[in-house]
Amino acid sequence: MFEISKKSKSVVGALNISGSKSESNRLLALRAFTSYFEIKNISDSDDTKVMMSAINSNQEKIDIGHAGTAMRFLTSYFSSIKNSSVILTGSKRMRERPISILVDALRELEVNITYLENEGYPPIRINGRVINKKRVNLPANVSSQYISSLMMLGVSLQNGLVINLSTEITSLPYIEMTKKIIERIGGNVKLQSNQILINSLSNKKIPTQLVESDWSSASYFYSIVALSDLSDLTLNTYYEKSIQGDTKLVEIYKNFGVKTTFTGNRIHLSKSNLKIEKKISLDLSNNPDLAQTIVVTCLGLGIDCDLYGLHTLKIKETDRLKALKSEIEKFGVDKIEITENSLHLENKSPLKSNISIETYDDHRMAMSFVPLSLLNPIKINDPLVVTKSYVNFWDHLEKLGFEISKNK
């Protein structure tokens with residue numbers, strides 16, 4: 001357990017945040033599918049280390065732990081390796097996270113995949129083969145990672161791949177990110193409303209790829225600035241024209257009095273004098289990973305919120321909607337309700353202090369509640385879970401003047 005506190009409510013400093021996990025894992029998968037190229041500013045997250053290790057493994061059984069992205073991307077990768085036989089497994093929670101939509105699609109491409117325990121869930125055995133079929137069908141409203149996984153597979157297939165989508169896409173920015181990264185290495189993708197066409201990537205030398213820092217990781221500092229009295233915070237390396245969907249932070253956090261200024265490859269965060277509304281309503285269908293951070297920001301500012309488009313949160317590292325409800329209730333709020341795809345918070349009462357947050361093996365549960373330490377000291381159980389996406393998180397907090405009492 002860590003107890004986090006801060007003597008003042010001002011936040012001043014500069015941080016270098018690691019490369020985007022989402023970009024890094026896509027580039028690693030594409031490098032495995034195509035040919036070697038250098039990747040700079042690669043993420044130092046556990047998930048990315050798992051991806052690298054699994055791709056280079058010669059073991060029959062590969063345990064990817066909690067790394068959901070790795071599970072989905074590697075399922076397609078190992079499907080394409082002729083005469084291979086690999087078992088993909090993971091943590092207890094990973095074995096509860098569905099993968100049948102992706103498996104069904106790969107079976108449609110005549111890949112032999114079997115479930116070793118529960119139908120529809122890891123662990124799975126994948127018998128790889130040369131894939132000749134070029135059309136596949138799947139719904140697009142569950143996890144964008146299924147689609148991204150197949151898009152990257154398509155780059156390596158001799159005939160390319162046509163993905164027919166039977167429903168509206170969820171988390172479209174992540175699909176667009178995959179498209180742009182494929183195009184960055186020389187591929188070609190056509191993204192239509194109900195169809196994605198991926199051409200085979202002809203053999204060519206792929207230039208060195210530079211990974212932008214992670215916008216999801218930046219979200220916790222947006223929340224900190226929102227709850228501060230005064231802020232002068234610089235984060236590297238970020239671009240105004242980013243391919244990461246979570247750049248939506250810039251617009252969303254204007255509602256909470258956070259001003260973003262772009263200078264070269266840096267963002268500067270400061271507190272504005274904008275009047276903050278008492279209630280906010282957001283559709284986060286395209287940015288579900290921001291939900292935890294946003295609702296905690298609202299909690300700290302005393303803002304009511306209605307957040308929609310959250311159905312994918314139920315199949316993350318934990319059921320994030322249930323986890324949020326359980327932890328927010330500890331603060332003695334007036335009302336916190338969840339549905340299958342939404343969260344609703346009402347609170348005008350003073351927040352209870354001396355709260356201990358359970359993290360549920362979920363890195364974002366740990367980091368999203370930390371900004372509340374600007375108001376009162378807060379305890380985080382299993383704090384090292386943050387390494388899944390942000391290895392230096394606690395060090396960066398200390399650099400900004402937060403006090404962290406460890407193992408209390």
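# Exercises on a predicted model

Tyr360 is found in the loop between strand S20 (355-357) and helix H11 (363-369). The structure is a predicted model, and each exercise below is followed by a worked solution.

**Exercise 1.** Find which sign phi takes in Tyr360, and decide whether Tyr360 is buried, partly exposed or exposed.

*Solution.* Begin with the backbone, where phi of Tyr360 is near 55°, a positive value in a residue other than glycine. Most residues other than glycine have a negative phi. Then turn to the surface: the relative accessible area of Tyr360 is 31%, and because partly exposed covers the range between under 20% and over 50%, Tyr360 counts as partly exposed.

**Exercise 2.** Locate Asn41 and describe its phi and its accessibility.

*Solution.* Asn41 sits in the loop between strand S3 (39-40) and helix H2 (46-55). Although Asn41 is not a glycine, its phi is positive, at about 60°. With a relative accessibility of 31%, Asn41 is classed as partly exposed.

**Exercise 3.** Work out how the axes of helices H1 and H5 are arranged, and name the residues through which H1 and H5 meet.

*Solution.* First take the axes: those of H1 (residues 21-33) and H5 (residues 144-156) come within 9 Å and cross at roughly 30°. Since angles under 35 degrees count as roughly parallel, H1 is roughly parallel to H5. The crossing of the two helices is right-handed. Next come the residues, where H1 contributes Arg26, Ala29, Leu30 and Phe33, and these meet Ser148, Met152, Leu153, Val155 and Ser156 of H5. Sorted by class, this contact has six nonpolar, two polar and one charged residues.

**Exercise 4.** State which residues of helix H4 are buried and what they pack against, and then look at the backbone just after H4.

*Solution.* In H4 (residues 100-108), the buried residues are Ile101, Leu102, Val103, Ala105 and Leu106. The buried residues of H4 pack against H3, strand S6 (112-115), strand S7 (124-127), strand S8 (135-138) and H5. Just after the helix, Glu110 has a positive phi of about 70°.

**Exercise 5.** Describe the surroundings of Arg320, beginning with its helix and ending with its contacts.

*Solution.* Arg320 belongs to helix H10 (residues 320-329). Its relative accessible area is 1%, so Arg320 is buried. The side chains of Arg320 and Asp289 are joined by a polar contact of 3.3 Å. If neighbours within four places in sequence are left aside, Arg320 is in contact with Asp289, Gln292, Leu313, Asp362, His363 and Arg364.

**Exercise 6.** Place Thr69 and Pro383 in the structure, and list what Thr69 and Pro383 touch.

*Solution.* Thr69 lies in helix H3 (residues 68-79), and at 8% relative accessibility Thr69 is buried. Not counting residues up to four places away in sequence, Thr69 touches Lys21, Asn25 and Gln145. Pro383 lies in the loop between strand S21 (378-380) and helix H12 (393-399), and Pro383 is buried, with a relative accessible area of 6%. Pro383 touches Met1, Phe2 and Trp394, again not counting residues up to four places away in sequence.

**Exercise 7.** Identify the form of the peptide bonds from Pro122 to Pro123 and between Asn236 and Thr237.

*Solution.* The bond from Pro122 to Pro123 is cis, with omega near 5°, and Pro123 lies in the loop between S6 and S7. The bond joining Asn236 and Thr237 is cis, with omega about -10°, and Thr237 lies in the loop between strand S13 (230-236) and helix H8 (249-252). Most peptide bonds are trans.

Definitions and conventions:
Residues are numbered from 1 along each chain as its sequence is written. This is a predicted model: local features need pLDDT of at least 70, side-chain atom pairs count only at pLDDT 80 or more; totals for chains, interfaces and linings use all residues. Side-chain values use heavy atoms; hydrogens and water are left out. Axes are lines fitted to C-alpha atoms, for helices over the stretch in contact, and angles run from 0 to 180 degrees between N-to-C directions. Helices (H or I, at least four residues) and strands (E, at least two) are DSSP runs, numbered from the N terminus. Angles under 35 degrees count as roughly parallel, over 145 as roughly antiparallel, 65 to 115 as roughly perpendicular and the rest as oblique. A crossing is left-handed if the near helix is turned anticlockwise from the far one by less than a right angle, and right-handed if clockwise. Contact means heavy atoms within 4.5 Å. Ala, Val, Leu, Ile, Met, Phe, Trp, Tyr, Cys and Pro count as nonpolar, Asp, Glu, Lys and Arg as charged, and the others, Gly among them, as polar. Buried means under 20% relative accessible area, exposed over 50%, partly exposed in between (1.4 Å probe, protein chains only). A polar contact is a pair of N or O atoms within 3.5 Å; within protein, one must be able to donate a hydrogen and the other to accept it, and residues adjacent in sequence count only if both atoms are side-chain atoms.
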